[in-house]
Amino acid sequence: MAGGNERSMKALKEVWRRAENSLCADCGKPDPDWASSTLGVFICLSCSGIHRNIPSISKVKSLKMDHWDDAQVQFLDKHGNAVTKATYEAHIPIYYYQPTYNDCQVLREQWIRAKYERKEFTKPGKQLPYSDGVKEGILWKRGRDNGQFLPRKFLLSEREGCLKYFTKQDAKEPKINIKIDVINATFQPVKIGNPNGLQITYLKDNKTRNIFVYHESGKEVVDWFNAIRSVQFHYLKVAFPIASDNEIKNRLTRNFLKEGYMEKTGPKQREAFKKRWFTLDHRRLMYFKDPLDAFAKGEVFVGSRENGYSVQKGLPSGTQGNFSWHYGLTIVTPDREYLFTCETETDQLDWITAFTSVINQAMTPQEYAIEAYFKFKS
């Protein structure tokens, strides 16, 4: 008996060590130490918890702590991540967002359920709830002034190239009509205070506006997210006919590079530092009094190093403004310096890393136009 167990464990480790099984099959996290004995995939602890919630599809076991019999090991040997992905991920639409281990629970759960439970990607040309070019339904939207979440009708139309929302279900005219090419959508469960919280941002008169929504159904809110990406993808295919699919995919919705609190002072650098919520959306650094504000109190353009932008650790000597946080950083632009303080050294270094990643990238023609607008506005 002991010899059989040793043989099974040895065979299991050999399958486990294959390169194809070195990353979680669902989120890409390195060194997965769980597996599904019914699907044949190697997965991380976090994804195993999602699999455990669909026991009719997946039975999960620890590769380190649980016993695997010969038949189960042989099943893993015949399948593994590569074979199983070839079946369940055979026909993923290019616009569909495939989450990583850094993404929130609702995205990862619906990705796993879409693959294995609903089998959305096993056959070509399958009709999907986010691929019609139109989507209509109710989302709970946060009021700009009172902060209450109320049901609002939303309509997404590829033909019209826009997203609308209505204050009443029978309203003829939308409250807001947003062009699809200026929309971004990103999941914000912590900030919104709901596991299915979605932040929709868009540009109006070159200013960023935030809308915060959620839906009780995780599937529904992720379907909305991918429907927005689908409409954007097809819109951009027409607008940029010579661009490759991957180039267009990279221009769809994006996560913010970094968010969090810092203190800032005014342009004279003698005013008291005030605590603000900051969002770095590539070259736009926006700051808000409250994380759920609809409009930013101000924006700073972060250009490239070759155009005179840099980030420096600490504050200039002789800084006069009063501040309560002592981990400073300075954004240097061709026109002025922006001074900030962070609560901890870790926050300081994380912000410097985020700014550096932006500053080290060359600017596109579109970004030169945005920079010109910021300079004109100031």
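The largest cavity in this predicted model is lined by Lys141, Arg142, Gly143, Arg144, Arg209, Asn210, Ile211, Phe212, Leu292, Asp293 and Ala294. About 60 Å³ of space lies inside that cavity. The count of cavities of 30 Å³ or more comes to two, and there are open pockets to look at as well, the largest with a volume of about 1,100 Å³. Helix α9 rounds off the tour, with its buried residues lining one face.

**The largest cavity**

- Two strands, β4 (134-142) and β10 (207-214), each supply at least two residues of the lining of the largest cavity.
- The most generous contributor to this lining is β10, which gives four residues.
- Sorted by class, the lining of the largest cavity holds five charged, four nonpolar and two polar residues.
- Domain 2 (134-250) and domain 3 (258-376) each provide at least three residues of the lining of the largest cavity.

**The second largest cavity**

- Here the volume is about 30 Å³.
- Its lining is made up of Pro129, Tyr130, Ser131, Asp132, Gly133, Val134, Lys135, Leu156, Ala227 and Val231.
- Strand β4 turns up again: together with α7 (218-239), β4 makes up the set of elements that give two or more residues to the lining of the second largest cavity.
- Six nonpolar residues, two polar ones and two charged ones form this lining.

**The largest pocket**

- This pocket has a volume of about 1,100 Å³, and of the 32 residues that line the pocket, Asp181, Arg251, Arg254, Gln366 and Ile370 are the closest to its centre.
- Two or more lining residues come from each of β8 (183-187), β9 (198-204), α7, β13 (284-288) and α10 (365-377).
- The class split for the largest pocket is 15 nonpolar, ten polar and seven charged residues.
- As you follow the wall of the largest pocket, you will meet at least three residues from each of domain 2 (134-250) and domain 3 (258-376).

**The second largest pocket**

- Next comes a pocket with about 370 Å³ of space, where the residues closest to the centre, out of 18 in the lining, are Asn102, Thr186, Phe187, Gln188 and Pro189.
- The elements giving two or more residues to the lining of the second largest pocket are β8, α6 (189-192) and β11 (258-264).
- Of the elements, α6 gives the most to this lining, with three residues.
- Nine nonpolar, five polar and four charged residues make up the lining of the second largest pocket.

**Helix α9**

- Spanning residues 345-359, α9 has 15 residues and reaches 21 Å from its first C-alpha to its last, close to the 21 Å expected at 1.5 Å a residue.
- Its buried residues are Gln348, Trp351, Ile352, Ala354, Phe355, Val358 and Ile359.
- Looking down the axis of α9, you will find that these buried residues fall within an arc of 165 degrees, so they line one face of the helix.
- Thr346 and Thr353 sit on the other side of α9, where they are exposed.

Notes. Residues are numbered from 1 along each chain as its sequence is written. This is a predicted model: local features need pLDDT of at least 70, side-chain atom pairs count only at pLDDT 80 or more; totals for chains, interfaces and linings use all residues. Side-chain values use heavy atoms; hydrogens and water are left out. On a 1 Å grid over the protein atoms alone, a cavity is a set of points where a 1.4 Å probe fits but cannot get out, and a pocket is an open set with protein on both sides within 12 Å along at least five of seven lines; lining residues have an atom within 4 Å of a point. Grid points are joined across faces, edges and corners, and a volume is the space filled by probe spheres set on the points. Ala, Val, Leu, Ile, Met, Phe, Trp, Tyr, Cys and Pro count as nonpolar, Asp, Glu, Lys and Arg as charged, and the others, Gly among them, as polar. Domain bounds come from an automatic or database domain assignment. The expected span of a helix is 1.5 Å times one less than its number of residues. Buried means under 20% relative accessible area, exposed over 50%, partly exposed in between (1.4 Å probe, protein chains only). The arc is that of the directions from the helix axis to the C-beta atoms.
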